[in-house]
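Student: Before we use any label for this model, could we go through the reasoning behind each one?
Tutor: Let us look at it together and set each label against its criterion.

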Amino acid sequence: MTNKHSYGKVGLQKDHGRSASASAEAPEAERRPGGMVVQKRDGDDDDARQQPIQIRVSYGPSLVNLSLPSTSTFGDVKRHLSQEVGLDPSEQRLFYRGIEKEDNVLLGDAGVKNLSKLLLREVEASKEKKLAEIKKKEEISRACEAISRVTREVDQLSDKVASLEGSVLNGSKVPEKEFLLLEELLMRQLLKLDGIEAEEAAKEQRRQEVRRIQSLEKKLEAIKERNTNPFSNNNKSVSVTTQWETFDSGVGSLNPPPAPSSANPTQDWEQFD
């Protein structure tokens with residue numbers, strides 16, 4: 001009995017010793033920023049992971065070189081790339097070994113090492129949006145240029161209108177065909193503006209030029225009226241009415257004096273004794 005009990009105690013002590021030894025040898029765990037629980041590394045390993053590694057990122061025909069520690073996340077890589085390629089992090093997709101990586105994944109955990117190569121692609125919706133914006137800017141630029149050409153032609157027509165005005169004010173008689181020609185040329189410029197598709201700044205530029213041409217047309221019409229009636233006052237005819245004073249004797253009147261009321265005169269004779 002004593003031997004059995006002694007053997008039981010020795011067995012328990014051995015098992016306890018193995019458990020304590022196993023607990024002492026069990027590695028400690030740590031939680032990474034990405035949420036993954038892994039074996040905790042010793043200080044020397046952490047120092048090595050903090051050392052920068054060279055990463056090459058391919059983006060279209062370009063190759064961007066970055067230097068980051070392996071403890072950096074793919075989100076950190078996107079933020080650095082934003083300064084290099086001009087893409088917002090939300091517009092980027094990063095691939096390593098053909099697999100797109102989430103922003104919270106560490107480079108070291110994904111197996112990224114020194115001189116590893118990543119692939120950068122732009123989010124398709126963002127790419128289409130930028131292409132649409134570029135196309136719109138190009139259309140606005142073309143519209144502004146077309147309106148500018150009309151503006152230069154209207155400048156010349158404005159000078160001709162001013163020249164006609166000076167001639168008329170100096171008393172010269174300007175041929176009617178000169179006015180008709182200018183009216184036709186101004187109308188052509190309006191038609192050109194009407195055919196230009198304009199948005200935003202170009203639309204406002206076109207509106208201002210239309211108003212300018214309309215103002216020149218009104219001015220030309222006023223000059224034309226003065227050229228037709230050089231002695232008119234404010235393009236309005238002035239009629240003068242002369243009133244004559246009529247006297248009973250008819251003197252100073254344009255009409256003869258009225259006839260006596262009776263055509264047969266009557267004579268009264270005085271009788272004498």
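Tutor: This is a predicted model, and a good place to start is the hairpin of S3 and S4, which has two residues between the strands and in which glycine 60 takes a positive phi near 60°.

Student: What makes strand S3 and strand S4 a pair?
Tutor: Pairing asks for at least two bridges between two strands, and S3 (residues 52–59) and S4 (residues 62–69) are joined in the antiparallel sense by eight bridges, so the criterion is met. One of the bridge partnerships sets proline 52 against proline 69 in S4.

Student: How do you know that S3 also pairs with strand S7?
Tutor: The requirement is again at least two bridges, and between S3 and S7 (residues 116–122), which run parallel, there are four bridges, so these strands count as paired as well. Within S7, leucine 118 stands opposite valine 57.

Student: What order do the elements follow from the N terminus on?
Tutor: The protein has six helices and seven strands, and from the N terminus on they run α-β-β-α-β-β-α-β-β-β-α-α-α.

Student: Why are 24% of the residues called buried?
Tutor: A residue is called buried because its relative accessible area is under 20%, and of the 273 residues of the protein, 24% count as such. The accessible surface of the protein comes to about 20,500 Å², with 50% of that area belonging to carbon and sulfur atoms.

Student: Which share of the contacts with a separation of 6 or more comes from residues 24 or more positions apart?
Tutor: Contact requires heavy atoms within 4.5 Å, and among the contacts with a separation of 6 or more, residues 24 or more positions apart account for 57%.

Terms used. Residues are numbered from 1 along each chain as its sequence is written. This is a predicted model: local features need pLDDT of at least 70, side-chain atom pairs count only at pLDDT 80 or more; totals for chains, interfaces and linings use all residues. Side-chain values use heavy atoms; hydrogens and water are left out. Buried means under 20% relative accessible area, exposed over 50%, partly exposed in between (1.4 Å probe, protein chains only). Accessible areas come from the Shrake-Rupley method with a 1.4 Å probe; for residues, only the protein chains shown count as cover.
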